[in-house]
Amino acid sequence: MRTLIIYTSVHHGNTGKVAQAMAGALGADMVDAAGAEPGLIDHYDLIGFGSGIYHGRHHQTLFRFVEMLPAVDGTLAFVFSTSGRGVAQDHTALKQVLEAKGFWIVGDFVCKGWDTYTVLGLVGGINKGRPDARDLAHAAAFADDLARHWGDAGR
Ligand SMILES: Cc1cc2nc3c(=O)[nH]c(=O)nc-3n(C[C@H](O)[C@H](O)[C@H](O)COP(=O)(O)O)c2cc1C
């Protein structure tokens, strides 16, 4: 199964670490959403979209990229994030845009990430050290599960 991970990771590189762990497990290609070519997605069966959460939703760079994508017909996709809170409801807006494009969302992964936004930064932030080795192992296991479940879909 040809897999691509498209990500944005601008605060502390937290989401980039998770994307890397998933890409390792899936044998996936990885591309930063900033400057990525929308036509790239034609070559893949499963596409992961992830970033940190900014004011309750994925980073605007990722949204801008997704908005440029052509419509697809049920291409498999998953959504992931790192954030201060680490909750899946922050994925709703991105999932709605992806579904409107024709993607079929087959998984979500959330992870806490080091966050030094606002006054939190004065005290070293929250979730320092996250994602840690355990988080990255969870990310790899999530990706393994996806490959096991959907591995035949693109063949
Ligand atoms: C401007 C800004 C806004 C943020 N807003 C939220 C938020 O609404 N909810 C949350 O849980 N975390 C929030 N965070 C924390 C980030 O989501 C978290 O640090 C994330 O791991 C950053 O990922 P990155 O290093 O891959 O960019 C915010 C951080 C910044 C800098």
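These notes go through the fold, the cores and selected residues of a predicted model.

1. Overall fold. The chain contains six strands and four helices. Their order along the sequence is β-α-β-β-β-α-β-α-β-α. A helix therefore closes the pattern, after a strand opens it.

2. Size. The radius of gyration is 15 Å, which agrees with the value near 15 Å for a compact globule of 155 residues. Along the principal axes, the C-alpha atoms fill a box of roughly 50 × 30 × 25 Å.

3. Burial and contact range. Of the 155 residues, 46% are buried. Take the contacts between residues at least 6 apart in sequence: 76% of them join residues at least 24 apart.

4. Surface and charge. The exposed area of the chain is about 7,500 Å². Carbon and sulfur atoms supply 52% of that area. There are 13 positive and 16 negative charges, and their mean positions lie 7 Å apart.

5. The largest nonpolar core. This core has 21 residues. Those touching the most other members are I6, I41, I47, F49, L94, L98 and F103. At least two residues each come from β1 (3-8), β3 (46-54), α2 (60-68), β5 (76-83) and α3 (92-101). Which element gives the most? It is α2, with four residues.

6. A second core. Another core, of 20 residues, lies apart from the largest one. Its members include Y7, A19, A139 and A143.

7. F103 in the largest core. Beyond its neighbours within four places in sequence, F103 is in contact with I41, I47, F49, L69, V72, T75, A77 and L98. Among these partners, I41, I47, F49 and L98 are also listed with F103 as touching the most other core members.

8. Helix α2. Where do the buried residues of α2 pack? They pack against β1, β3, β4 (57-58) and α3. The buried residues in question are T61, L62, F63, F65 and V66.

9. A143 in α4. A143 sits in helix α4, which spans residues 133-150. Its relative accessibility is 0%, so A143 counts as buried. Leaving out residues up to four places away in sequence, A143 touches M22, A25 and L26. A143 and A19 are 124 residues apart in sequence, yet their C-alpha atoms are 9.9 Å apart. Both belong to the second core.

10. K17 in α1. K17 is part of helix α1 (residues 14-26). Is K17 buried, exposed or partly exposed? At 41% relative accessibility, K17 counts as partly exposed. Outside its neighbours within four places in sequence, K17 is in contact with P131 and L136. Its C-alpha atom is 9.6 Å from that of A139, with the two positions 122 residues apart along the chain counted as their separation.

11. The cis peptide bond. The bond from R130 to P131 is cis, with omega near -5°. P131 is located in the loop between β6 and α4. As one of the contacts of K17, P131 also links this loop to helix α1. A check of the geometry can start here.

12. I126 in the same loop as P131. I126 lies between β6 (104-112) and α4 (133-150). At 31% relative accessibility, I126 counts as partly exposed. Not counting residues up to four places away in sequence, I126 touches G84, G113, W114, D115 and L120. I126 and R64 are 62 residues apart in sequence, and their C-alpha atoms are 28 Å apart.

13. Positive phi at N127. Phi of N127 is near 60°, a positive value in a residue other than glycine. N127 is also in the loop between β6 and α4. Its relative accessibility is 18%; with buried set at under 20%, N127 therefore counts as buried.

14. Positive phi at H55. H55 likewise has a positive phi without being glycine, near 55°. H55 belongs to the loop between β3 and β4. Is H55 buried or exposed? H55 is exposed, with a relative accessible area of 68%.

How values were computed. Residues numbered from 1 in each chain as written. Predicted model: local features only at pLDDT ≥ 70, side-chain atom pairs only at ≥ 80, totals over all residues. Heavy atoms only, no water. Rg over C-alpha atoms; globule rule 2.2 N^0.38 Å. Buried < 20%, exposed > 50% of the residue type's maximum accessible area, 1.4 Å probe, protein only. Contact = heavy atoms within 4.5 Å. Areas by Shrake-Rupley, 256 points an atom, 1.4 Å probe, with all protein chains shown as cover. Lys, Arg positive; Asp, Glu negative; His and termini not counted. Charge placed at Lys NZ, Arg CZ, Asp CG, Glu CD. Core = buried A, V, L, I, M, F, W, Y, C linked by side-chain atoms within 4.5 Å.
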